[in-house]
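Please open the structure in a viewer and keep the selection panel at hand. The tour begins with the whole chain and then proceeds to individual residues.

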Amino acid sequence: MQHLLPQSDPAAAALVRGRTQTRVLPNGFTVLVEPDHSAPVSSVQVWVQTGSIHEDKWLGGGLSHFLEHMIFKGTATRGPNEIARAVQEAGGYINAYTSFDRTVYWIDVPSDGTATAIELLADATLHSTLPDAEFAKEQEVIRREFAMGFDDPNRMSTELMLATAFSHSPYRHPVIGHLEIFNRLTRDDLEAYYRARYVPDNMFLVVTGDVDPAEIFTLAGKWFGDAARRAGAPLFIPREPPQLGRREEHAEFETELGRCSLVWHIPPVTHPDTAALDVLATVLGGGRSTPLHRELRERLNLVHHISAYSYMAGEMGLFGIDFLCEPDRRTEAEQAVLAIIARYRNEEPAAGEVAKARKSILADQLNNLATARGRASDIGGSWLLARNPDLGSEYLGEIGRVEAADLQRVARQYLEPSGLTVTSINPHGSLGSVPRPAAAGSPRRIEQFTLPNGLRVLVCEDRKLPLVNAVAVFRGGLLAETPGTNGITSLAARTLVKGTASRTAEQINDEIEAVGGQIRADSGNNSFSVSVEVMSPDLRLGLDLLADVLVHAVFPDKEIAREKEDQIATIKAEDEQITTVAKHAMRRAVFGSHPYGLRSSGTEESVAVLTREQLLSFRDRCVTARNGVLAIFGDIDTGAVRSLAAELFGALPAGELLMTAPPEASPLPEPVEVVVNEPKQQAVLMVGFLGTHALSADRSALELIDTASSDMASRFFHRIREELGLAYFVGAAQMMGFAPGIFTFYLGTDPAKTALVRKNFDDEIGALARDGLTEAELARAKKKIIGGEAIRNQSLESFAHVVAVDELYGLGFDHYTRRAAEIGAVTAGEIRTVARKYFLEPNRATVLVTPKDAQGAIPSVQIRAIRG
């Protein structure tokens, strides 16, 4: 401590170790005395090592607090008010408090009243009679205290925080208890708890001030020494298991301001990291010059008040940040807090910050030690927690040894996103209008930022599980291909992850699988993607691998050859699937020579001749910042992800946004009908129409028609499959992209029944085209879309991909927040208008895939050449 406090400082005496004298009486009662003759006063404190966490079968009832109220209500020799009157006559002041792990009774008195104070506290704590009449009266007093608490937003905010942060530990219960349990307590319950917990070896006396230790030990022996030890069963206190994911709870209250708490679990007070965590709290929010105050209060004007703290008891610890704000600024304030936390996790604080915090803690502690009561409280707390009366002074020595690197270390170790609990108390009606960060069962919050190279980055914190999904999506697909390069998007996606300038394909796989992660590539009609999934501690590795394959892929010849073989095998397998054959024929019929008429996987011939140079050229054109979107979702910290994204993906070439004005297929001038013969046992009939693009105003209506035509209650299923028994399967599907796509009705049937199936299928499509959907069909489709997307979006991987693609297509990353409203707003009249627009002649193609010998069964089908 000498490097913190010169010995010439008059407060130095308060920090000298070893001045407390200790004695244990034969019955196990402990006495601690620290003389200080600087003022003619003393503080006498009786500490009972029992609190709300020790209430065992009465847990949550508030017995410790109730008993604190009753202790002064009468003893065998004194009436209810006599103890307080005797203290007043001695010129003293009496009070008590109850906490989680202690109940403390104290009297501050002129030193000539010390003997009286000791005798009074001994009589009250050891000989209370808990009078029946006082029990009922005090129970009603405490009910009023409950009511006051229910009206206090600060108290309710604290209780909500503790109940959310703790799932098993008794610290989750309020010290005062729960009213419904409290109301069931009896005087017998109270007395049984009193007899079990107020025993000599569970209590101790602390006396500080202008006293003689020898006299105090004599007085303690006289008044406490006769109390008998009592046997007691060991009390089990459940430990809180490690928190593995973000917890969040928000409530509404009769208040005008929002009160928000962010807390993390930290070790108990005896842990070596305690000092560093205390200094970190002071650095972050221990005054007006700290980053939390300066950033959120002064610069951003997000909060009215903000502070940080570390609370450590014998069983647990919490690191917390509390702020008071306008309700509509709570979410933004929370994100700003977490950004500052991320900064201190990633960087050491300045040495000046640490020195300032150490001095602030020292000053606070010196102020606490300036009075006899402060010194007695420090000794009592030290003894309770560590059986070391000098813990407080030794702790200040530990504070003086904390360095900047210690703060970064403990911030990284304990202030993890997966360990965060967020709670708030908000004005009535405000939660519906305030966006909330991701939590189980609540809307997720997505933030977007753009790197200097133009890459749009979407970040979503979701801590249900300690997982992270990152997906990079790029415009590409069929619109980036020609018949000669058909299949290059698929091949490029496959080979992007097969080797970089610094890693082989084997090394990539080894690194990601060593941490239980995955790296995948995918491609579609309009885009392609590369994604990684890792556990949150391996976030940097996952993002580093993703950035490496995007920026430094080298497309090794050996890997290209292998992936070509696999892709050609996929093409062959597709050609064996009758529905895929029909789909490809329908694409050619509707789109002709337009790129959407190509196959997503390519053809055997086109894939076989693709070269490494073409793949490199494709990468250089498509895998660019402005042509892509990166989504990083999961158990992350937004501020940390911002830094990582800039560091790792900043090298991605800027490039240009592709397909801003893609070619559109011409409408069919007349109906087209195609028959494809396949040696199969079944037939597939498809009726297709040129559809719309992803940004079209008709999108929602077509999606509703698609959904209403595809479920087991659809008119097609009911009529063709259930009533007539003509189809194995029946439904609809559509593809929308940067250019107008396709809408298809399909079914599978017996080849011998194709003529009858065709008639009924056409009738139902015609009725839909004329009349649209019924109100019942529309309502069912709306519910199915909204419910289905909610189910789909449970998967963080799926949600990240959907949001990224929405942003890539130009719908906006927040399109999912508008989906329910957009779908819900569609009327039956709009459905009818859109159905007539798209499903009437001549914009129609019919494809039948059937065995050759069954073709004659459908003489009404005119076979036309496929366009292009």
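The stops below move from the overall fold to charged pairs and then to backbone angles.

**Conventions**

The model is predicted: local features require pLDDT of at least 70 and side-chain atom pairs count only at pLDDT 80 or more, while totals for chains, interfaces and linings use all residues. Residues are numbered from 1 along each chain as its sequence is written, and side-chain values use heavy atoms, with hydrogens and water left out.

**Whole chain**

Select the protein chain and display it as a cartoon. Its secondary structure comprises 30 helices and 22 strands; these are DSSP runs (H or I of at least four residues for helices, E of at least two for strands), numbered from the N terminus. The radius of gyration is 37 Å, well over the 29 Å that the globule rule gives for 868 residues, so the chain is more spread out than a compact globule. That radius is taken over C-alpha atoms, and the rule is 2.2 Å times the number of residues to the power 0.38. Along the principal axes, the C-alpha atoms fill a box of roughly 115 × 60 × 45 Å.

Of the 868 residues, 58% count as buried. Buried means under 20% relative accessible area, exposed over 50%, and partly exposed in between (1.4 Å probe, protein chains only). Among contacts (heavy atoms within 4.5 Å) between residues at least 6 apart in sequence, 82% join residues at least 24 apart.

**Helix H3 and the loop after it**

Select Glu119, which is placed in helix H3 (residues 114-127). This residue has 15% relative accessibility and therefore counts as buried. Leaving aside residues up to four places away in sequence, Glu119 touches Arg78 and Trp223.

Next, select Leu130, in the loop between H3 and helix H4 (132-150). Its phi is near 50°, a positive value in a residue other than glycine. Most residues other than glycine have a negative phi. Leu130 is buried, with a relative accessible area of 1%.

**Salt bridges**

How many salt bridges does the structure hold? There are 51, each defined as a side-chain nitrogen of Lys or Arg within 4 Å of a carboxyl oxygen of Asp or Glu.

Select Arg375 and Glu34, a salt bridge whose closest N and O atoms are 3.7 Å apart. Arg375 lies in helix H13 (residues 372-386) and Glu34 in strand S2 (residues 30-35), so the pair ties together parts that are 341 residues apart in sequence. Arg375 counts as buried at 9% relative accessibility, and Glu34 is buried at 8%.

Move to Glu461 and Arg463, where the closest N and O atoms of the salt bridge are 2.8 Å apart. Glu461 is buried, with a relative accessible area of 4%, and Arg463 is buried, with 1%. Extend the selection to Arg246, Glu248, Glu334 and Asp635: salt bridges that share partners join these residues with Glu461 and Arg463 into one network.

Are the partners in the salt bridge between Arg401 and Glu398 buried or partly exposed? Arg401 is partly exposed, with a relative accessible area of 47%, and Glu398 is partly exposed, with 39%. Their closest N and O atoms are 2.8 Å apart.

**Last stop: the loop after H13**

Finally, select Arg387, in the loop between H13 and helix H14 (391-400). Its phi is near 55°, a positive value in a residue other than glycine. Arg387 is partly exposed, with a relative accessible area of 41%.
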